[in-house]
Amino acid sequence: MIIYNVTTNIHESLHDQWMIWMQHKHIPEMIATGKFVSARLVRVLVEEEMGGVTYSTQYTTDSKETLEKYYLENAGTFQEEGQKLFGDKMLIFRTELQVISEH
C-alpha cells in the first residue's frame, strides 16, 4: 500500500475557500479517478514562521504503479486547477510513503 501525501500551507485569506474546495470538490474528484481507495485530511499542528495554516492530505492507493498512472493521467489537471484558484497563496510539498505495517 502506498500513501500519496500532499502537505499544503494555505494563506489565511483563502483558508475557508480552500477548505470547502478540498472537502467538496478536490478530494471527491481524486477518489473518483479510481486510483485511490481512501483519503484523509489532517491539520498539521505546527505554526509556520511564514504564517498560513498547514494540512496533510493522505491519499491511499494499492501500488506504486497505480500512483504512476495517476501522475500520467490526472495529476496535471488537478495541479493546474489548484494553481489557478489559489496561486502563490498556497505552498505544496508532495511525498510518497510506503506502508510497512499497521498495528
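Q: What makes two strands pair, and which strand does β1 join over nine bridges in this predicted model?

A: Two strands count as paired if DSSP finds at least two bridges between them. In this predicted model, β1 and β3 are joined by nine bridges and run antiparallel; one residue of β1 to look at is Ile 3, which stands opposite Thr 60 in β3.

Q: Which other strand is joined to β1, and what is the bridge partner of Val 6 there?

A: Strand β4, residues 90-98, is also joined to β1 by nine bridges, and these two strands run antiparallel. The bridge partner of Val 6 in β4 is Arg 94.

Q: In what order do the strands form the sheet, and which of them stand at the edges?

A: The order is read by following the pairings from one strand to the next, and here it is β2-β3-β1-β4, four strands in an open sheet with antiparallel pairing. β2 (38-43) and β4 stand at the edges, and because each has a single partner strand, one side of each is left without a neighbour in the sheet. On average, neighbouring strands of this sheet are turned by 20° against each other, with direction ignored. The pairing of β2 with β3 is antiparallel and extends over six bridges, with Leu 41 standing opposite Thr 57 in β3.

Q: Which strands does α1 touch as it packs on the sheet?

A: A helix that packs on a sheet can be described by its contacts and by its direction. In this case α1 touches β1, β2, β3 and β4, and its direction makes about 5° with that of β3.

Q: Is β1 largely enclosed or left open by the rest of the structure, and is Thr 8 buried or exposed?

A: Burial is judged by relative accessible area, with values under 20% taken as buried. Eight of the nine residues of β1 are buried, so this strand is largely enclosed by the rest of the structure. Thr 8, which lies in β1, counts as buried because its relative accessibility is 4%. Leaving aside residues up to four places away in sequence, Thr 8 touches Trp 18, Val 53, Thr 54, Tyr 55, Met 90, Leu 91 and Ile 92.

Q: Which residues touch the most other members of the largest nonpolar core, and which elements supply it?

A: That core has 21 residues, of which Tyr 4, Trp 18, Tyr 59 and Tyr 70 touch the most other members. At least two core residues come from each of β1 (2-10), α1 (15-32), β3 (53-61) and α2 (64-86), and α1 gives the most, with six residues. Beyond residues up to four places away in sequence, Trp 18 touches Thr 8, Ile 10, Leu 41, Tyr 55, Phe 86 and Met 90.

Terms used
Residues are numbered from 1 along each chain as its sequence is written. This is a predicted model: local features need pLDDT of at least 70, side-chain atom pairs count only at pLDDT 80 or more; totals for chains, interfaces and linings use all residues. Side-chain values use heavy atoms; hydrogens and water are left out. A nonpolar core is a set of buried Ala, Val, Leu, Ile, Met, Phe, Trp, Tyr and Cys residues joined through side-chain atoms within 4.5 Å. Buried means under 20% relative accessible area, exposed over 50%, partly exposed in between (1.4 Å probe, protein chains only). Contact means heavy atoms within 4.5 Å. Axes are lines fitted to C-alpha atoms, for helices over the stretch in contact, and angles run from 0 to 180 degrees between N-to-C directions.
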